[in-house]
Amino acid sequence: MGGYDLKKKFSSNVTTILFLAPALILFVMFILYPVCNTIYLSFHSWKGIYGAPVKFVGLKNYTQVLSNDSFWLSLLNSLFFMIGGFVVLMPLSFGLALLITSKLKGTKLMKTSYFMPVMLSTTAVALMWVYMLNPSYGVINQLLEGIGLENLKQDWLSTPVLNIWCIVLVNEWMYAGYNMLIFAAGLVSIPGDVYEAAKLDGCTGWKQLRYVSIPLSKESFKIFSILCVTGCLKAFDLVWAMTKGGPNHTSEVPASLLYNEAFTFKSFGKSSAIGVLLLVLGISLSILVNTVLKREEA
């Protein structure tokens with residue numbers, strides 16, 4: 001009897017492994033191996049050409065990256081993305097979620113309208129805003145001129161600091177609909193009985209929002225926070241399509257700096273070092289956000 005149970009358990013384990021094997025193989029091939037290879041290359045010098053020598057250089061790539069002003073400027077620009085995410089995107093997305101989950105008429109149209117930018121390709125969004133922000137014929141400057149505010153006209157994407165904030169605001173416009181759905185999912189999961197009880201206690205309007213909707217949407221805010229932090233660190237496509245990190249690296253972000261080091265300057269070692277630093281920073285910030293939110297819940 002004991003032998004039969006052992007055989008059955010072994011058969012069950014084999015079946016489990018066979019079901020998990022495809023996912024594990026894909027994980028090793030497309031996640032674990034690339035990460036390990038990137039860590040390996042970060043300690044070497046390689047031009048990215050097949051057959052080219054891979055020379056061990058120790059911590060040289062890391063010291064060069066950390067002593068590069070462009071790297072720190074790119075991290076500052078990522079910080080601007082995070083500030084924009086928490087100050088602009090979060091309240092905007094939550095406000096839109098309140099609208100589409102309300103009993104107002106036309107909520108179906110609102111859902112479609114607000115989510116439409118997410119369905120557009122990043123390149124299409126970037127080109128659209130590049131034309132709108134053009135200093136010569138862009139609609140933004142023409143609008144300012146039309147209402148008598150010529151002094152506010154700018155070369156939006158060529159002015160340092162201003163250019164990265166333009167990209168940040170375009171990013172918030174594009175992803176507001178996506179994050180709206182995250183908050184909407186949290187709002188619709190709140191039982192109607194809770195709102196009824198709050199009304200009986202005289203908690204209506206803004207008080208209901210403050211004491212019921214926001215506290216019971218903590219999980220949605222937690223998900224948003226983690227996605228915002230990690231997403232801002234790996235931001236690339238919108239920046240690359242709008243400014244390519246220029247002019248003079250003023251709108252550079254870590255991912256675009258990584259791309260340039262690898263494919264423009266053929267320095268795959270330094271590029272890998274940037275990737276490893278981003279990985280460590282992303283994991284550290286995610287753990288920090290989780291820790292802070294858990295303390296608030298406790």
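These are my notebook entries on cysteines, salt bridges and one serine in a predicted model.

**Entry: cysteines**

I started with the disulfides, and the count comes to zero. I wanted to know why Cys228 has no partner, so I looked up its closest cysteine sulfur. That sulfur belongs to Cys232 and lies 4.0 Å from the one in Cys228, which is too far for a bond. The cut-off I needed here is 2.5 Å between the two sulfur atoms. I then checked from the other end: Cys232 is in no disulfide either, and its nearest cysteine sulfur is that of Cys228, 4.0 Å away.

Next I asked myself whether these two are buried or exposed. Cys228 is buried, at 8% relative accessible area. Cys232 is buried as well, with 6% relative accessibility.

**Entry: salt bridges**

How many salt bridges does the structure hold? I found two.

I took the pair Glu145 and Lys153 to begin with. Their closest N and O atoms sit 3.3 Å apart, and the pair forms a salt bridge. I looked up the accessibility of each partner. Glu145 is partly exposed, with a relative accessible area of 42%. Lys153 also counts as partly exposed, at 33%.

Then I went to Glu261 and Lys270, whose side chains meet in a salt bridge with an N to O distance of 3.8 Å. The cut-off is 4 Å, so this pair goes on my list at 3.8 Å. What about burial here? Glu261 is buried, with 8% relative accessible area. Lys270 comes out at 18%, and since buried means under 20%, I noted Lys270 as buried too.

My note to self: the Glu145 and Lys153 bridge has partly exposed residues at both ends, whereas Glu261 and Lys270 are both buried.

**Entry: Ser220**

Where does Ser220 sit? I found it in helix α10, which covers residues 218-233. Ser220 is buried, with a relative accessibility of 6%.

I wanted its surroundings as well, so I left aside the neighbours within four places in sequence and listed the contacts. Ser220 is in contact with Ile182, Phe183 and Gly186.

Last, I looked up one distance from Ser220 to another part of the chain. Gly148 is 72 residues away from Ser220 along the chain, and the two C-alpha atoms are separated by 43 Å.

How values were computed
Residues numbered from 1 in each chain as written. Predicted model: local features only at pLDDT ≥ 70, side-chain atom pairs only at ≥ 80, totals over all residues. Heavy atoms only, no water. Buried < 20%, exposed > 50% of the residue type's maximum accessible area, 1.4 Å probe, protein only. Helix = DSSP H or I, 4+ residues; strand = E, 2+ residues; numbered from the N terminus. Contact = heavy atoms within 4.5 Å.
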